[in-house]
Amino acid sequence: MSRTVTVGLKVNGVEHELDVEPRLLLVHALRDRLGLTGTHVGCDTSNCGACTVHIDGRAVKSCTVLAVQADGAEVTTIEGLGSDDQLHPLQEAFWNDHGLQCGYCTPGMIMAAAALLDDNPNPTEDEVRQGLEGNLCRCTGYHNIVKAVLDAAKGKAPAIATQPEVTA
Ligand code: FES
Ligand code: FES
């Protein structure tokens with residue numbers, strides 16, 4: 001029988017106690033134990049950034065952290081950033097600027113961008129590109145992602161665009 005350790009995590013404002021194997025990665029604790037599947041796994045080499053969450057306010061690739069290392073920490077995932085009624089400005093800007101295609105990288109990209117804007121609320125385009133260099137997107141070519149982050153920083157994200165009516 002494998003040994004387990006009790007870990008305390010505050011995730012999106014809710015306290016959890018989890019019995020975990022010491023080898024369990026934080027990303028798997030979030031996805032498989034807490035059902036927070038907005039945090040994605042895109043690689044097994046710490047390269048893609050799809051698993052980015054905030055630990056105590058800092059952007060971290062959650063596939064590089066053991067759940068036991070996060071004991072006592074405050075974790076924010078994409079589910080904790082906005083709500084269905086009130087999107088986070090970055091979510092709104094990604095929507096309006098078409099900053100995604102398949103969406104696989106998007107939660108990690110937005111979490112990394114949120115930490116970037118916390119540190120530097122008025123970044124240049126170069127600073128955004130540099131700040132997101134740990135997050136890979138295989139679809140968009142990055143242009144609209146960078147635009148979305150810059151627009152969110154400027155508070156330029158307009159209200160969610162109404163979708164055109166489709167008639168038969
Ligand atoms: S899944 Fe964590 S960096 Fe790719
Ligand atoms: S939108 Fe598909 S990987 Fe970024």
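Modeller: Let's agree on one word first: buried means under 20% relative accessible area, exposed means over 50%, and partly exposed lies in between (1.4 Å probe, protein chains only). This is a predicted model, in which local features need pLDDT of at least 70 and side-chain atom pairs count only at pLDDT 80 or more, while totals for chains, interfaces and linings use all residues. Residues are numbered from 1 along each chain as its sequence is written, chains are lettered from A and ligands numbered from 1 in the order in which they are written, and side-chain values use heavy atoms, leaving out hydrogens and water.

Biologist: Thanks! What makes helix 2 mostly covered?

Modeller: The count of its buried residues: 6 of its 8 residues are buried. They are Leu90, Gln91, Glu92, Ala93, Phe94 and Asn96. Helix 3 and helix 5 are among the elements that cover them. As for the numbering, helices (H or I, at least four residues) and strands (E, at least two) are DSSP runs, counted from the N terminus.

Biologist: Why is helix 2 called oblique to helix 3?

Modeller: Two packed helices are described by the angle between their axes and the distance between the axes. Axes here are lines fitted to C-alpha atoms, for helices over the stretch in contact, with angles from 0 to 180 degrees between N-to-C directions. The axes of helix 2 and helix 3 come within 10 Å and cross at roughly 125 degrees. Under 35 degrees counts as roughly parallel, over 145 as roughly antiparallel, 65 to 115 as roughly perpendicular, and the rest as oblique. Set against those cut-offs, the angle makes helix 2 oblique to helix 3.

Biologist: Which residues make the contact between helix 2 and helix 3?

Modeller: Helix 2 brings Leu90, Gln91 and Phe94, and helix 3 brings Thr106, Met109, Ile110, Ala113, Ala114 and Leu117. Contact here means heavy atoms within 4.5 Å. By class, these residues divide into 7 nonpolar, 2 polar and no charged. For the classes, Ala, Val, Leu, Ile, Met, Phe, Trp, Tyr, Cys and Pro count as nonpolar, Asp, Glu, Lys and Arg as charged, and the others, Gly among them, as polar.

Biologist: And why are helix 2 and helix 5 called oblique to each other?

Modeller: Their axes come within 8 Å and cross at roughly 135 degrees. That angle falls in none of the named ranges, and the pair is therefore oblique. Pro89, Leu90, Ala93 and Phe94 of helix 2 meet Ile145, Ala148, Val149 and Ala152 of helix 5. This contact has 8 nonpolar, no polar and no charged residues. On the other side of the pair, the buried residues of helix 5 pack against helix 2, helix 3 and helix 4 (125-131).

Biologist: What makes a set of residues a nonpolar core?

Modeller: It is a set of buried Ala, Val, Leu, Ile, Met, Phe, Trp, Tyr and Cys residues joined through side-chain atoms within 4.5 Å. The largest one has 23 residues, and those with the most contacts inside it are Leu90, Phe94, Met109, Val128, Leu132 and Val149. Helix 2 (89-96), helix 3 (106-119) and helix 5 (143-153) each give two or more residues to this core. Helix 3 supplies the largest share, 8 residues. A second, separate core has 16 residues, including Val7, Val11, Ala29 and Leu36.

Biologist: What does leucine 132 contact, leaving aside its neighbours within four places in sequence?

Modeller: Leucine 132 is in contact with Met109, Ala112, Ala113, Ile145 and Val149.

Biologist: Why does histidine 98 count as exposed?

Modeller: Its relative accessibility is 58%, so it passes the cut-off for exposed. Histidine 98 lies in the loop between helix 2 and helix 3. Its phi is positive, about 55 degrees, although it is not a glycine. Most residues other than glycine have a negative phi.

Biologist: And why does serine 46 count as partly exposed?

Modeller: Serine 46 has 33% relative accessibility, which falls between the buried and exposed limits. It sits in the loop between helix 1 (26-33) and strand 3 (52-55), with a positive phi near 60 degrees.

Biologist: Why does histidine 16 count as partly exposed?

Modeller: At 25% relative accessibility, histidine 16 also lies in the in-between range. It is in strand 2 (residues 14-20). Leaving aside neighbours within four places in sequence, histidine 16 is in contact with Val7, Gly8, Leu9, Val11 and Leu34.
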